Each structure stands twice: as C-alpha cells, then as structure tokens.
Amino acid sequence: METNNQAPGTRPEILLLSAVMMLIGALAIVLFFAAVANDEAIQLALNWTTAEDDARPPSLLLIYLERFGIIISVLFILSGAFFITIGWRLRRGNIRVAHWARIGLLWLCIGAASYILLTAFNIINSAAMDREAVDFGQLLSAISPALVVLAIGFLLWTWLNNNIERLFSGEDSLIGRETRLAWNLLIPTLTIFVLVAARPLEQTFIRSLTDKRFAGSAVPQFVGLENYYNLLTFRIDTVTCRKSISDGPCDTRANGSIRWESIDRELLREGYRTIFNVPIGGDQSAAISGLDDDFIEAIFTTVVFTVISVAGELIIGLFMAMVVNSKFRGRGAMRAVMLVPWAIPTVISARLWELMLKDTSAGIFNKILLDLGAIDAPLAWLSDPSLQIPTAIIVDVWKTAPFMALLLLAGLQVIPSDLYEAASVDGASPVRRFFSITLPLLRPAIAIALIFRTLDALRVFDLFNVLFGRQQLSMATYNFETLVSNQLDGYASAISVIIFIFISIFAFIYVRLLQVES
Amino acid sequence: MARKQYARLAQQVLLYGLVLLVAVYALFPFYWAFVTSFKTESEMFKSATYLPREATTKNYEYVFRDNTFIDALKNSAWVSAATSIFALVAGSFAAYALGRLRFKGRVVLLYVVLSMTMFPAISILSGLYTIVRELGFFGTGLSLIVTYPVFTLPFTVWVLTSFFRGLPAEIEQAAIVDGATPFQTFRLILLPLTAPALVTTGLLAFVQSWNEYLFALNFTATNPSAQTVPVAIAQFSGQFSEQEPIAEIMAAAMVVTIPLVVLVLIFQNRIVEGLTAGAVKG
C-alpha cells in the first residue's frame with residue numbers, strides 16, 4: 001500500500017480492511033479462472049487427440065459456455081471487481097463506502113455459510129444413500145476453505161459494524177441508505193432469478209446455436225443461426241384454385257372450403273409446406289408456406305387460444321366476482337366454492353374433462369346434449385380438429401376464471417359504496433353505474449390479472465399435452481415434442497428462445513398499455 | 001308497500017339464482033369427479049349416469065393400498081409449505097424495495113422479475129436439471145423448493161409491490177421522524193399491515209406448488225419416497241392393464257383437493273382483504 005498518499009484521518013485499521021477487501025476480490029477472480037482451467041470437461045477438450053477418436057473435436061468455446069456461461073463469469077468478475085473497488089476507495093475513510101463494504105462482507109458470509117451447508121448436506125446425503133457412516137474428516141476438509149472465509153468475513157463484518165461511526169467520516173444520505181437497503185432486500189430474489197431463470201435460459205440460448213441432440217452422445221457443434229432459419233423462414237406465393245371444369249367455379253371440399261393448388265414442386269422439395277391460403281380475389285389466393293409449418297401453426301393456435309380464453313376468463317371472472325361480492329347468506333362458503341376449479345391440479349382436471357367429453361354417451365356432455373335434443377349424434381370434442389381449440393378454451397376458462405375472479409373481487413371490495421349510492425340518487429341506471437364507476441376503478445386490478453393470465457395462457461402446456469397429445473400443438477407442447485419425441489435439443493432450444501422473445505414483446509407492450517409500472 | 005316487497009323478493013330470487021349458477025358452473029366438474037370416484041371401472045364405458053349404478057369404495061382402497069400416496073401427500077405438504085414461506089420472505093423483501101424505496105433501476109428490475117414468466121417451463125427444464133444435479137438436490141424435495149420460485153416469486157413480488165405502493169406515504173414519514181431505520185419501518189410497521197396480503201399470496205403460491213407436475217416428474221420420479229402428489233397420481237396403473245385408471249385418479253383428486261378447499265375456507269376472509277389494499281393503486 002502507498003501509505004504516504006494516505007488521506008487525512010486514515011488509520012492503519014482502515015488500510016488493513018482495505019487490503020483484505022482487495023485481496024478477497026482478487027482471490028475471487030483468480031479462483032474463478034483456476035476453476036475454469038481445472039474443469040474436467042475443459043481439460044478433456046484441451047487434451048483431445050484426433051488419433052484416439054475419429055469424431056469431430058469438441059469446440060472449446062462451446063464447452064466453456066455450457067459449463068460456466070457468460071452470466072456466471074460476469075457475475076464472478078463483477079463481484080471480484082466490486083470488492084477491489086470498495087477496498088481501494090475505503091482508504092479515503094468515507095462512511096458511504098464503508099456501508100457498501102459492510103454489505104459486501106455480509107453477503108460474503110451468507111455465501112460462505114450457504115456453501116458450507118450445501119457441501120455438508122451433499123456429503124451426509126450421499127453417505128446416507130450408500131448406508132455408510134459419514135466421513136467427518138472428508139467433510140471437514142471439504143468445508144474448511146469456506147469456514148476460513150466465513151470466519152474472516154464475519155470478524156471483519158462485526159468489527160466494521162461496531163466501529164463504523166468511529167473510524168469513518170462523511171455524511172450518509174437517506175437516498176443512499178434506501179439504495180443500499182433496496183439492493184440488500186433484492187439479492188435473494190435476484191439470486192433465485194440467476195439460478196433458476198437466467199442461467200438455464202442462457203444454456204438454452206447457447207444450445208439453440210448448436211446441433212445438440214437430446215440424450216445423445218455425439219459432440220455438439222455450432223451451427224450458427226440454422227435452427228432459427230429453419231423455424232422462421234416462410235414465403236408467400238399466389239396460387240389458383242382447382243377447377244374440375246375449366247372456366248367454371250372453384251372446387252370445394254365437403255365443408256365448403258375452396259381447394260387450392262399446392263405450391264411449386266421445387267418449393268415442396270426444399271421443405272416448404274403451406275400453412276394457410278388467404279383468398280385475394282378472383283380465383284387466386286396467397287399461400288403462406290414455411291419450412292416448419294407445425295411451429296407457425298402452433299404460434300397461431302396459441303395466440304387464438306390465448307386471446308379468446310383470456311377474454312372469456314375476464315368476462316366470466318368479473319361476473320363471478322360481482323355475484324360473490326353481493327350480500328347473501330353463505331358468501332364465505334361461496335368464495336371457497338368459486339376457487340374449487342383452480343385448486344384441482346391441471347394434470348387431473350384435464351383428465352376429468354377428457355372423461356366428461358368422451359365422444360360417446362359415456363361422456364356426460366354428449367349425454368346432456370343428446371338428452372336435450374341439441375345434437376343428434378355424440379360430438380368428438382377432443383379429436384375433431386374444428387372442436388379442439390374451442391374445447392381447450394372452455395376447459396381453460398373453467399379452470400382459471402376463479403383466479404381472475406379472486407383478483408377482481410379484491411378490486412371490487414375497495415370501491416366505496418357511497419359512490420354507488422350517490423350515483424343511484426342521481427338516477428344512474430345499473431348499466432351506467434357499471435361502466436362509469438365499477439370498470440374504471442377496477443382497472444388496476446384488471447391490469448395485473450390480465451398480464452399474469454395472458455402470459456400463462458401463452459405458455460399453456462399441461463392442458464394441451466393431456467387433452468390432445470400431438471394432435472393439436474400449442475407453442476409449449478410443440479417445444480416439448482421436438483425435445484422429447486424428436487430428440488432435437490438444439491432445434492427445441494431455438495423454439496424456446498423464439499417463444500421467449502415473442503412473449504417478452506407481448507408483455508412489454510401489455511405492461512406499457514396498461515400502465516402498471518408507473 | 002306490497003309492490004316494493006315484491007320487487008325486493010324478485011331481486012333476492014334473482015341474486016340467489018345467479019349464485020346458484022356460479023356454484024353449478026364451478027362445481028359440476030368437481031361433482032362429476034366425486035361421482036366417478038365411486039364408480040366401477042366397467043361403468044366408465046357405459047352411458048353416463050348422475051349417480052353410480054353400484055357405489056364402490058374400491059378406488060379409495062386402491063389410492064391408500066400402501067403408503068406411497070400418504071408419503072406423497074406429506075412430500076407435497078412440506079415442499080409447498082417451504083416454497084410459499086420462501087416466496088413470502090424473498091417476495092416481501094423485494095416488493096418492499098420495489099414498491100417503497102427510491103433507487104435507480106426500479107422499473108428495470110420489475111421487468112426482470114416479470115421476465116421469469118415469459119418462457120414455458122420446458123424451455124429451462126434441461127438447464128435446471130444440470131443445476132439441480134450440481135447442487136446435489138436431484139431426487140429430493142429440495143430440488144423442487146429451489147426451482148418452484150421461478151413461478152411463485154414473480155406473482156408474489158408483483159402483487160405485494162402493488163400492495164406496498166397502495167399504502168399511504170404518511171406511515172413511513174412518521175416512522176422516519178421517530179428515528180426508525182428503513183428496515184425497522186418495514187419490519188415493525190409495514191409488514192404487519194401487509195399480513196392479509198401475505199396470507200393471500202402465500203396461499204396462491206401454496207396451491208401452485210401443490211399442483212405443479214413437470215418439475216416434480218423430472219426431478220423426483222426416480223426416487224419414490226420424494227414424489228409429490230401429481231407424480232404419484234400419474235403413476236397409478238389401472239386394475240386392467242393398458243387402460244387409464246380414471247376412477248382411481250378421481251378418488252385421488254378428491255383426497256388432494258378437499259384439504260385445499262378447507263384451507264381456502266379457513267383463510268377466505270383474509271384472502272379477499274389481502275388483495276384489497278393491493279388493488280387500490282395498480
């Protein structure tokens with residue numbers, strides 16, 4: 001340390017603390033790089049000799065990204081840098097920096113303690129699995145480095161806590177205090193975010209650039225944007241309709257839809273498949289074809305499903321909330337009853353609906369409709385393609401309208417009743433009261449309910465998986481089928497990334513439109 | 001006078017009619033599951049009846065044939081309880097920061113939290129699998145407690161944030177004048193006020209974890225003693241091979257849904273109060 005440069009009032013204790021902080025930071029960065037260099041998979045790739053194996057050599061970059069990723073690396077280096085910077089700036093004796101140092105030390109202790117618990121749990125657990133006695137020597141040697149870090153960190157932290165006012169000077173602001181508290185409080189949530197959302201998603205993104213296969217032993221290679229190209233490429237061609245008599249009318253199918261010519265043979269050979277035809281007048285139509293027609297169709301299905309079912313849930317949920325909000329005997333019990341559909345696990349309720357919608361009179365819905373004379377023959381709710389999406393919507397609305405109703409009920413309860421009384425004294429009709437009082441005041445509650453329901457509906461999985469299997473795909477079930485049935489991990493990952501981008505755009509526009517974040 | 005009474009009576013009849021409509025809408029499938037749980041396997045293929053032709057308790061006997069299902073109930077209970085407690089602790093911390101404290105990056109962080117709901121669970125399944133294995137949690141309930149926050153936290157944080165934001169600003173100002181630190185204000189003054197909201201979001205998180213299937217299947221299926229209820233139900237095999245044990249599944253559905261309904265009944269007053277303040281200001 002350059003002790004001659006020391007600012008007025010700097011004491012040796014501070015310099016020691018400053019040095020230790022910088023050391024911790026430097027150590028964190030060095031240890032991270034050592035871990036990378038010593039990693040088994042990376043070692044294996046470094047020592048790869050083509051002689052022992054004919055397979056393509058693995059890409060070192062790919063292995064590094066798979067094992068460590070960008071997020072973890074950046075976080076490690078940033079925390080190291082944080083400790084170094086704080087340590088450096090501590091020398092000036094400013095109390096604000098000291099407060100940040102305290103936070104750093106606190107989370108260092110928590111991190112070391114979590115590491116100790118985790119390691120101990122793993123050793124004890126694996127001993128229990130093998131029905132062996134716990135090897136305490138091994139346990140101790142595994143956790144001793146972390147114990148040392150914990151001890152040093154804890155000592156420094158308590159010491160700093162007790163002496164912070166004595167050693168450091170300067171003015172601490174309220175905003176500064178609030179900022180530090182905010183970051184302290186957000187760390188648990190952000191840790192979870194990195195661990196179970198950002199990091200797994202990053203791996204998915206990396207795999208989307210490769211030709212990795214699910215549960216395969218082949219070494220994956222980078223393929224660039226090929227997966228994305230295959231997923232998203234589409235083209236529009238004009239085709240004419242089929243005519244059995246030239247100059248006559250267009251041929252139609254039994255259900256009245258026009259039969260269009262297929263696109264060019266050459267295009268079919270390249271892999272293009274027509275998704276739908278949009279008539280553009282005369283006997284011509286625009287044929288929209290894609291390389292992966294299933295995916296584009298799944299997007300379309302999911303969006304239709306989402307828009308209609310969320311709208312239905314909003315209307316039925318609002319209706320339920322308003323009924324349950326009126327005064328009557330047994331209101332408390334009704335609130336519990338209202339939630340029953342939502343409380344049944346989706347895997348089970350999908351089976352239940354499958355049973356109720358059976359395509360014979362064994363299905364209660366067909367039985368009721370037959371008894372009422374509404375239909376002549378049982379309907380195939382689950383296997384008739386034109387009934388599948390309506391069926392899914394009915395089941396989803398039934399299941400999630402209660403969730404919507406619960407959120408809206410809460411909003412209804414805070415609308416002061418004198419507003420309604422004043423309005424009815426003025427002679428406003430119930431309909432007018434609904435549109436000029438209830439709806440506007442309910443807007444914030446509706447906004448949150450709509451955002452979470454829409455994002456949920458766009459990700460619908462259990463329902464489509466149980467009811468339709470591969471017959472009718474949502475975005476998420478298509479993703480699942482590609483991964484599990486077709487074993488195309490890289491391709492499935494690209495689908496995930498596209499779904500993520502698609503839903504983010506949706507969410508961003510939505511949040512902006514509903515103005516909830518302000 | 002008489003006319004006014006008639007009008008009131010008509011109104012009451014209409015109201016109870018609507019209540020009945022909502023009840024039937026919500027409960028009919030549940031009733032159907034209940035009836036089915038007492039039907040025999042062969043009756044599944046005959047024309048549907050509103051009551052079992054011959055009621056049997058065989059399906060319930062199958063559910064409780066050994067300890068598997070009871071173990072699964074216990075696993076589900078502690079996993080869901082731990083998940084909701086974690087969601088409440090982490091969620092209320094984050095929500096207090098996002099709803100009441102002034103710092104840079106607040107709006108960005110709200111989006112960051114929301115971004116956890118923007119991909120299907122299948123997208124992160126293999127990534128999570130690696131992480132769960134590296135933590136050594138594979139095949140234990142801990143694997144679920146670590147991964148379930150991905151769907152319980154965003155909702156908890158957003159609802160609680162809007163709740164905190166709805167509380168009047170004077171509360172904190174008074175506390176600061178009295179010399180309380182921001183964290184003391186949070187712990188001693190704001191948190192007790194949010195108790196009802198905590199009950200609500202905690203219950204919602206509990207139900208979500210109780211019902212989750214995909215993660216539970218992938219992370220605990222290899223270890224029968226760590227399975228949760230949905231996984232245990234999915235592994236039922238029928239009395240006849242090759243056939244879905246639908247009546248048994250419905251019996252199990254009754255067993256798992258009724259505790260939740262009782263839970264909701266106990267907490268229902270709190271639930272509504274809980275979300276009330278949150279809805280004041282989105």
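Which residue takes a positive phi in the hairpin of E2(A) and E3(A)? The residue is Gly281(A), with a phi near 95 degrees, in a hairpin that has four residues between the strands. Keep in mind as you browse that this is a predicted model.

**The sheet of chain A**

Let's start with the sheet around that hairpin. It is an open sheet of three strands in chain A, in the order E1-E3-E2, with antiparallel pairing. Strand E1 (234-240) and strand E2 (273-279) of chain A are the edge strands, each pairing on one side only. On average, neighbouring strands of the sheet are turned by 30 degrees against each other, if direction is ignored. Strand E3 (residues 284-290) of chain A is joined to E1(A) by seven bridges, and six bridges join E2(A) to E3(A).

If you would like to find these pairings in the viewer, the table lists some residues to click on.

| Residue | Partner in E3(A) |
|---|---|
| Phe234(A) | Gly290(A) |
| Thr238(A) | Ala286(A) |
| Phe276(A) | Ile288(A) |

As you follow any one strand, it helps to remember that in a regular strand the side chains alternate between the two faces of the sheet.

The sheet also has a helix packed on it: helix H10 (residues 293-325) of chain A, which touches E1, E2 and E3 of chain A. The direction of H10 makes about 50 degrees with that of E2(A).

**A helix pair in chain A**

Further along the chain, have a look at helix H16 (residues 430-458) and helix H19 (residues 489-514) of chain A. Their axes lie 11 Å apart, and the two helices pack at an angle of about 170 degrees. With angles over 145 degrees counted as roughly antiparallel, H16(A) and H19(A) are therefore roughly antiparallel to each other.

Which residues make this contact? From H16(A) come Ala447(A), Leu450(A), Ile451(A), Thr454(A), Leu455(A) and Leu458(A). They meet Ile503(A), Phe506(A), Ala507(A), Tyr510(A), Val511(A) and Leu514(A) in H19(A). By type, the residues of this contact divide into eleven nonpolar, one polar and no charged.

**Where chain A touches chain B**

The contact between the chains takes 84 residues from chain A and 86 residues from chain B. On the side of chain A, helix H7 (residues 174-207) gives the most, with 20 residues. The residues on that side of chain A divide into 59 nonpolar, 16 polar and nine charged.

**Chain B as a whole**

How many helices and strands does chain B have? There are 13 helices and zero strands, so reading along the sequence of chain B gives the pattern α-α-α-α-α-α-α-α-α-α-α-α-α. Chain B has a radius of gyration of 24 Å, well over the 19 Å that the globule rule gives for 282 residues, so chain B is more spread out than a compact globule. Taken along the principal axes, the C-alpha atoms of chain B fill a box of roughly 75 × 75 × 30 Å.

Buried residues make up 49% of the 282 residues of chain B. Among the contacts in chain B between residues at least 6 apart in sequence, 77% join residues at least 24 apart.

Methods. Residues numbered from 1 in each chain as written. Chains lettered and ligands numbered in written order. Predicted model: local features only at pLDDT ≥ 70, side-chain atom pairs only at ≥ 80, totals over all residues. Contact = placed C-beta atoms within 7 Å. Nonpolar A, V, L, I, M, F, W, Y, C, P; charged D, E, K, R; others polar. Axes fitted to C-alpha atoms, helices over the stretch in contact; angles between N-to-C directions. Parallel < 35°, antiparallel > 145°, perpendicular 65-115°, else oblique. Pairing = 2+ DSSP bridges. Rg over C-alpha atoms; globule rule 2.2 N^0.38 Å. Buried ≥ 20, exposed ≤ 12 C-beta atoms within 10 Å, placed from the backbone.
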